[in-house]
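Hi,

Here is the structure I said I would pass on. Have a look at it first, and my notes follow underneath.

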Amino acid sequence: MSRRDDVLAALAQAAPDPLSGQRLAERLGISRVAVGKHVAALIDAGYAIDAIAGTGYRLTTRPDLPLDSEVLPRLETSLWTEIAFVPETGSTNDDLKGAARDGAPHGSVLAAGGQSEGRGRLGRTWLSPQGGVYVSMLLRPEMSPAQSAPVPLVVGLGVARALESLGVESVALKWPNDVWIDRSKVAGVLVESSAEADWVEWLVIGVGLNVKRPAESFEGAAYIADHADVGIVDTAAAVLDGVARAWEQLAVEGFAAMRAEYEARSALVGEDLRVLDRAGVEQVRGVWSGVDDTGRMLVRTPDGITPVASGDVTLDMQAR
Ligand code: BTN
């Protein structure tokens, strides 16, 4: 914990009562000037702290933002070692990929309040107004590119479990890794990597979730806050834990052991579907028949079972 976190913890413990600057300084072994600077930094980060003349500081409101100081203490897993937060950026995946190239460590996380150039799969835009969770996670795995093939599905599974842990019902997965509530898209996953022929140097796992319904909501989108009484911090912490647990399960058991759960959570069971490539050209048409041990979707066609490694699944009903 940083000194700033110590100041926050002391104020939170005292709240709703105020704590004098002198007492805080003595307790933490720092000067009153330093206490004042940490309080100013907390206010800048979004905490509401009253400075009451002659009495001290009183913490009144914590921000519903995925700050390190809000999210890290709530995590039950230990994979994510630090969470950087920016109020607004272009794309957290782009930023974290840059950090990965500069040597950022395994377990780094970058979260943003909003994104101006959020990206989705297949070159799409991911609209990212304030009120959602936009988070990217950096992993430096010890695996080959072939072993990393099911990672996007594993992350989707981790996100689906996380939403259930928050009390959201009717959560399902649309291959490869979209998360639906009641057949409307609530979250998407974009996994990007740098790899050599036989090893993956890093993976950047980006997850975007619709949490609070904005004034102009997206057509066909679901919002977590419509289904559970939770905010940004709850959602971010649950998703980071969900992805960490799914990642650890993949490392220990392999995707073959997760396949049955993935298939049971699929929104596509029994569906007639079409798979389109990036240009929108139909590649396969048939009926969902599960996934294989590498995460490829299996489609039953008149010619037999066709494995599909990438593409966009289209049903009659179309989600965002
Ligand atoms: C999709 O459904 O197509 C994937 C959407 C992924 C969006 C997230 S938001 C955080 C991270 N930064 C990005 O630019 N994209 C991902």
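**What I found**

Right after helix α6 comes G167, which has a positive phi, near 95 degrees. (Helices here are DSSP runs of H or I with at least four residues, strands are runs of E with at least two, and both are numbered from the N terminus.) Before going further: this is a predicted model, where local features need pLDDT of at least 70 and side-chain atom pairs count only at pLDDT 80 or more, while totals for chains, interfaces and linings use all residues. Residues are numbered from 1 along each chain as its sequence is written, and side-chain values use heavy atoms, with hydrogens and water left out.

Back to α6 (residues 151-165). Of its 15 residues, 12 are buried, so the helix is largely enclosed by the rest of the structure. Buried means under 20% relative accessible area, exposed means over 50%, and partly exposed is in between (1.4 Å probe, protein chains only). Among the buried ones are V151, P152, L153 and G156.

Two of those turn up again around N177, a residue in the loop between β6 (171-174) and β7 (178-181). N177 is buried, with a relative accessible area of 2%. Leaving aside neighbours within four places in sequence, N177 is in contact (heavy atoms within 4.5 Å) with R121, P152, G156, A187, V189 and Y262.

Y262 also belongs to the 1 aromatic pair that a search of the whole structure finds. Its partner is F255: the ring centres are 6.4 Å apart and the planes are at 65 degrees, so the pair is edge-to-face. For Phe, Tyr and Trp (its six-membered ring), centres must lie within 6.5 Å; planes under 30 degrees apart are stacked, over 60 edge-to-face, and the rest tilted. Both F255 and Y262 are buried.

Then there's α3. Its buried residues include V35, V39, L42 and A45. They cover an arc of only 120 degrees around the axis (taken from the directions to the C-beta atoms), which puts them on the same side of α3. The face turned away from that side carries the exposed V33, K37 and D44. Among the elements covering the buried residues are α1 (3-14) and β1 (48-52). G46 follows α3, with a positive phi near 120 degrees.

Which residues of α1 and α3 make the contact between them? They are R3, R4, V7 and L8 from α1, and H38, V39, A41, L42 and A45 from α3.

Cheers
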